[in-house]
Structure formats: C-alpha cells, structure tokens
Amino acid sequence: MHEARKIMLYEGVRKTPGKSLVELGNHVHEFVMGDWTHPQSKTINEILVEIAKKLKLAGYVPIST
C-alpha cells in the first residue's frame, strides 16, 4: 500500500477522502476523513479514542484486508 501511495503522489493522483454518515434522531451527520470543521470534532475524536482503548483492552484485533 505504501508503494501505491508513493506512486499516486508522484503521478498527482488524488484519492477521494473516506467519509461516514451517522443518523442521530432526525439529523444526519457527515464525517469526512481529515475534516475538522464539525463543531464537535474534538469531543467526537476524544470519545472515539476512548472507545478504541476499551476495544483493545477487551482483546479486539482488527482484521487487515
């Protein structure tokens, strides 16, 4: 993957950033990788870091594809 990213950078190829949509109540929140414009980005990230720590302590290991 590292080599592919290097080639993409060299060739000027840009990848579309990943994004997630989360519906809470009647409102949809969109999160784009690297975008910190959401008014609660800092708090959301802090919570995600805590969740990741708890998952690791519980023995969760992500599967790489």
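These legends go with a set of views of a predicted model.

**View 1. The whole chain, element by element.** Start with the overall layout: the protein has 2 helices and 2 strands. Read from the N terminus, the order is α-β-β-α. The C-alpha atoms fit into a box of roughly 40 × 35 × 20 Å along the principal axes. For the 65 residues here, a compact globule would come out near 11 Å in radius of gyration, but this protein has 16 Å.

**View 2. The surface and its charges.** Here the accessible surface is on show, about 6500 Å² of it, with 62% belonging to carbon and sulfur atoms. Buried residues make up just 5% of the 65 in the protein. As for charge, there are 9 positive and 7 negative side chains. Take the centre of each set, and the two centres lie 6 Å apart.

**View 3. H38 and its contacts.** H38 sits in the loop between β2 (27-32) and α2 (41-57). Does this loop residue count as buried or exposed? H38 counts as buried, because its relative accessibility is 18% and the cut-off for buried is under 20%. Setting aside neighbours within four places in sequence, H38 is in contact with H29, F31 and I44.

**View 4. I44, on the helix side of that contact.** Now shift over to I44, which lies in helix α2. With a relative accessible area of 25%, I44 is partly exposed. Once neighbours within four places in sequence are left out, I44 touches F31 and H38. F31 also turns up among the contacts of H38, so H38, F31 and I44 can be viewed together, with H38 buried at 18% relative accessibility and I44 partly exposed at 25%.

**View 5. Helix α2 from end to end.** How far apart are the end C-alpha atoms of α2? They are 24 Å apart, and that agrees with the 24 Å its 17 residues should span at 1.5 Å a residue. After α2 comes G59, and the phi of G59 is positive, near 95°.

**View 6. A4 in helix α1, with G25 for scale.** A4 belongs to helix α1 (residues 2-11). At 35% relative accessibility, A4 counts as partly exposed. Bring G25 into the frame as well: A4 and G25 are 21 residues apart in sequence, and their C-alpha atoms are 40 Å apart in space.

Key:
Residues are numbered from 1 along each chain as its sequence is written. This is a predicted model: local features need pLDDT of at least 70, side-chain atom pairs count only at pLDDT 80 or more; totals for chains, interfaces and linings use all residues. Side-chain values use heavy atoms; hydrogens and water are left out. Helices (H or I, at least four residues) and strands (E, at least two) are DSSP runs, numbered from the N terminus. The radius of gyration is taken over C-alpha atoms; the globule rule is 2.2 Å times the number of residues to the power 0.38. Buried means under 20% relative accessible area, exposed over 50%, partly exposed in between (1.4 Å probe, protein chains only). Accessible areas come from the Shrake-Rupley method with a 1.4 Å probe; for residues, only the protein chains shown count as cover. Lys and Arg count as positive and Asp and Glu as negative; His and the chain ends are not counted. The place of a charge is taken as NZ of Lys, CZ of Arg, CG of Asp or CD of Glu. Contact means heavy atoms within 4.5 Å. The expected span of a helix is 1.5 Å times one less than its number of residues.
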